[in-house]
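Subject: Structure for you to look at

Hello,

Here is the structure I promised. Please open it alongside this note, and read on for what I found.

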Amino acid sequence: MALEPEVATIVFRVFQESLTNISKHAKATRVTVTLNVGERDVRLVVSDNGVGLAPQALAKPDSFGVRGMRQRVEELAGTLTIDSESGCGTTLQLWLPRVLEQQP
């Protein structure tokens, strides 16, 4: 699949960070990854069956990995959502436009 370098880099970095977080914190026994590349967009979903996150965990000021992921995604007009419930695992969803708009 051919992706613009900026899009490919962000997909890779978000995937990498999500796996790092799962290995460090989730205590998961299963991880499911889905990558869909359409004509107009790219979608990545990473789910685990780990311990989940308390809502305040994503708002911590030292949560640099999550904050960094969000900033990178928003720079390319994408969205990143993280759904989690304590004890029920976590699902990260990334959406990015496949083709970036040219800046004037």
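Strands β1 and β2 run antiparallel, with seven bridges joining them. They form a hairpin, and three residues lie between the two strands. V37 stands opposite V42 of β2. Keep in mind that this is a predicted model.

**The sheet**

V42 also leads to the next strand, since its bridge partner in β4 is L96. Eight bridges join β2 to β4, and these two strands run antiparallel. β4 covers residues 90-97 and pairs with β3 as well, in the antiparallel sense, over six bridges. Two of the partnerships there are worth finding on screen. I82 has L92 of β4 as its bridge partner. D83 has T91 of β4.

Put together, the four strands make an open sheet in the order β1-β2-β4-β3, with antiparallel pairing. The edges are β1 (31-37) and β3 (79-84), each of which pairs on one side only. Neighbouring strands are turned by 10° against each other on average, direction ignored.

The hairpin of β3 and β4 has five residues between its strands. One residue to check in that hairpin is G87, which takes a positive phi near 85°.

How enclosed is β2? Six of its eight residues are buried, so β2 is largely enclosed by the rest of the structure.

**The helix across the sheet**

Helix α1 takes in residues 5-26. It lies across β1, β2 (41-48), β3 and β4, and runs at about 5° to β2. The helix has 22 residues. From its first C-alpha to its last it reaches 30 Å, close to the 32 Å expected at 1.5 Å a residue.

Which residues of α1 are buried? They are V7, I10, V11, V14, S18, I22 and A26. These residues cover an arc of only 100° around the axis, which puts them on the same side of α1. The general rule helps here. An α-helix has 3.6 residues a turn, so residues three or four places apart point the same way. On the other side of α1, P5, S23 and K24 are exposed.

S18 deserves its own look. This serine lies in helix α1. Its relative accessible area is 6%. Buried means under 20%, so S18 counts as buried. What does S18 touch, leaving aside its neighbours within four places in sequence? It is in contact with V46, M69 and L92. L92 is the residue already named as the bridge partner of I82.

Just after the helix, look at K27. K27 follows α1 and has a positive phi, near 55°.

**R98, after the last strand**

R98 is found in the segment after β4. R98 and A8 are 90 residues apart in sequence, yet their C-alpha atoms are 9.1 Å apart in space. Leaving aside neighbours within four places in sequence, R98 has contacts in two stretches of the chain. One set is A2, L3, E4 and V7. The other is V37, G38, E39, R40, D41 and V42. V7 is one of the buried residues of α1. V37 and V42 are the pair that stand opposite each other in the β1 and β2 hairpin.

**The whole chain**

Finally, the overall picture. The protein has two helices and four strands. From the N terminus on, the elements run α-β-β-α-β-β. The radius of gyration is 14 Å, close to the 13 Å that the globule rule gives for 104 residues, so the protein is as compact as a globular protein of that length. Along its principal axes, the C-alpha trace spans about 45 × 30 × 15 Å.

Buried residues make up 31% of the 104 residues. Take contacts between residues at least 6 apart in sequence: 60% of them join residues at least 24 apart.

If you have little time, start with two places. One is S18 with its contacts V46, M69 and L92. The other is R98, where the contacts include E4 and R40.

Best wishes

Note on methods:
Residues are numbered from 1 along each chain as its sequence is written. This is a predicted model: local features need pLDDT of at least 70, side-chain atom pairs count only at pLDDT 80 or more; totals for chains, interfaces and linings use all residues. Side-chain values use heavy atoms; hydrogens and water are left out. Two strands pair if DSSP finds at least two bridges between them. Axes are lines fitted to C-alpha atoms, for helices over the stretch in contact, and angles run from 0 to 180 degrees between N-to-C directions. Contact means heavy atoms within 4.5 Å. The expected span of a helix is 1.5 Å times one less than its number of residues. Buried means under 20% relative accessible area, exposed over 50%, partly exposed in between (1.4 Å probe, protein chains only). The arc is that of the directions from the helix axis to the C-beta atoms. The radius of gyration is taken over C-alpha atoms; the globule rule is 2.2 Å times the number of residues to the power 0.38.
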